Amino acid sequence: MCLYQFLIAVRSEGAQLTSVDGETTSHLMGMFYRTIRLLESGIKPVYVFDGKPPEMKSGELGKRAEKRAEAQKALDKATEAGDTAEVDKFTRRLVKVTKQHGEEAKELLALMGVPYIDAPCEAEAQCAALVKAGKVFATATEDMDALTFGSSVLLRHMTFSEARKMPIQEIHLSKILESMDLTLDQFIDLCILLGCDYTDSIKGIGPKKAVALINEHKSIEEILKNIDTTKYPPPENWSYKAARRLFVEPEVTDPETIELKWSDPDEEGVVRFLCGDKQFSEERVRNGIKKIMKSRSGSTQSRLDGFFKVLSTTPAKRKSEDSKKNTPNKKGKMASGGRGRKPK
C-alpha cells in the first residue's frame, strides 16, 4: 500500500523519479524519507509485504484487471486528444507495484536497520496476527479487512495524514463489537454481507439492512433461512463459508517465531544503494542516516500524537461535562478528570 502511494505521489514535473537507466526510484524516495520521519518521532515501523493471494481472491483480482484495462483505454483516448490532465489522471491509475519494487524496498529497509516481514499470504492477516500476539501495537492500513482478521487496533490515514492534513483514525475492535453488541464471528459475517475480496455479497442488502439482519438472526445461515431470496437473491454457489474460514484461520507465519529487531543503519551500504545510478543526493542521504542514528539514541517510544495532529472525537455531551470539570470552582480549584484520551 505504501509503495503504491509513493509510485503515484512522488513525482518530478509530473513523472516518476528514475535512475540514469530509466528505472523508477519514487518508491525508494518515499520509503527512505517516510521511514526516517517515523523513526525520528520514536515510532518503530514494521513493514509487511503481501505473499501469494488466496485462490478465492481471483474474482476480485479479475475485477481490478478489468478496471486497469478500462483505464488503459481511457489513457489512450486522452493521449490522442492531447488532454494532459486526463493523461496524468489515468497514468496514475495504471501504476503497478512490481516484484522488483518490493525487493528493492526490502533491501533498503534492511540497510536502514528496519525489520520487514514477508507474509505467506495476505499482509493484513499477518499484521493482525502480530497485533493479537502483542508483538506490535496496531495495524496501519487503509484496508478494513485488518479488523475482520482480528487486529485489535487499526490505524487509518497513517500513510497520507501529513500530506492531506488529516488526523489518524484509531479504531479498536473491542469497542466496535461492544457498541454493536456483536461477537467476532457475527462481525465477520457482517463484513462478508457488506462485501469482501473473497466472495460476492447479496444484491439489494446495503449496510443498514445487513446490520439489522445480523442483529436479528446472528449468522448468514439464519439470514438465508429468513429473507425473501427472490427479493434478495444470494450469489450462485455462494462461498461465504470459505470466506469466513479465511478470516478465522488465515495463512500466516506464527508470530512467536518472528523476531522484530531494529538495528543501526549501514551508512555506506545505503549510500552505495541510493546514490550514483539512482541519483539520490549523497549529502541528503547521509543527513538522513544521521537522523536515524539520533532516533536510536532515544530510550522510549513517542506517542502517535507527537507525529500527527490528533482531533478529538469526544461526543458533544462528554465535551460539555469535561469542560465543567475543568472550570474552577468557587474556591479556584479544578475538578478531577476532564482529559480526553489520545492515541498512545
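A residue is called buried here when its relative accessible area is under 20%. In this predicted model, cysteine 121 clears that bar easily enough to be called buried, since its relative accessible area is 7%. Cysteine 2 counts as buried too, with a relative accessibility of 19%. As for sulfur–sulfur pairing, a disulfide requires two cysteine sulfur atoms within 2.5 Å, and the count by this rule comes to zero.

Zooming out, the protein has 344 residues, and 41% of them count as buried. The secondary structure adds up to 16 helices and seven strands. Among contacts with a separation of 6 or more, 62% link residues that sit 24 or more positions apart in the chain.

One helix pair can be described in some detail. Helix 10 covers residues 184–194 and helix 11 covers residues 207–217; their axes come within 10 Å and cross at roughly 150°. Angles over 145 degrees count as roughly antiparallel, so helix 10 runs roughly antiparallel to helix 11. As to handedness, the crossing of these two helices is right-handed. On the helix 10 side, the contact is made by Gln186, Asp189, Leu190, Leu193 and Leu194, while helix 11 brings in Pro207, Ala210, Val211 and Ile214. Sorted by class, the residues in this contact come out as seven nonpolar, one polar and one charged.

Definitions and conventions:
Residues are numbered from 1 along each chain as its sequence is written. This is a predicted model: local features need pLDDT of at least 70, side-chain atom pairs count only at pLDDT 80 or more; totals for chains, interfaces and linings use all residues. Side-chain values use heavy atoms; hydrogens and water are left out. Axes are lines fitted to C-alpha atoms, for helices over the stretch in contact, and angles run from 0 to 180 degrees between N-to-C directions. Helices (H or I, at least four residues) and strands (E, at least two) are DSSP runs, numbered from the N terminus. Angles under 35 degrees count as roughly parallel, over 145 as roughly antiparallel, 65 to 115 as roughly perpendicular and the rest as oblique. A crossing is left-handed if the near helix is turned anticlockwise from the far one by less than a right angle, and right-handed if clockwise. Contact means heavy atoms within 4.5 Å. Ala, Val, Leu, Ile, Met, Phe, Trp, Tyr, Cys and Pro count as nonpolar, Asp, Glu, Lys and Arg as charged, and the others, Gly among them, as polar. Buried means under 20% relative accessible area, exposed over 50%, partly exposed in between (1.4 Å probe, protein chains only).
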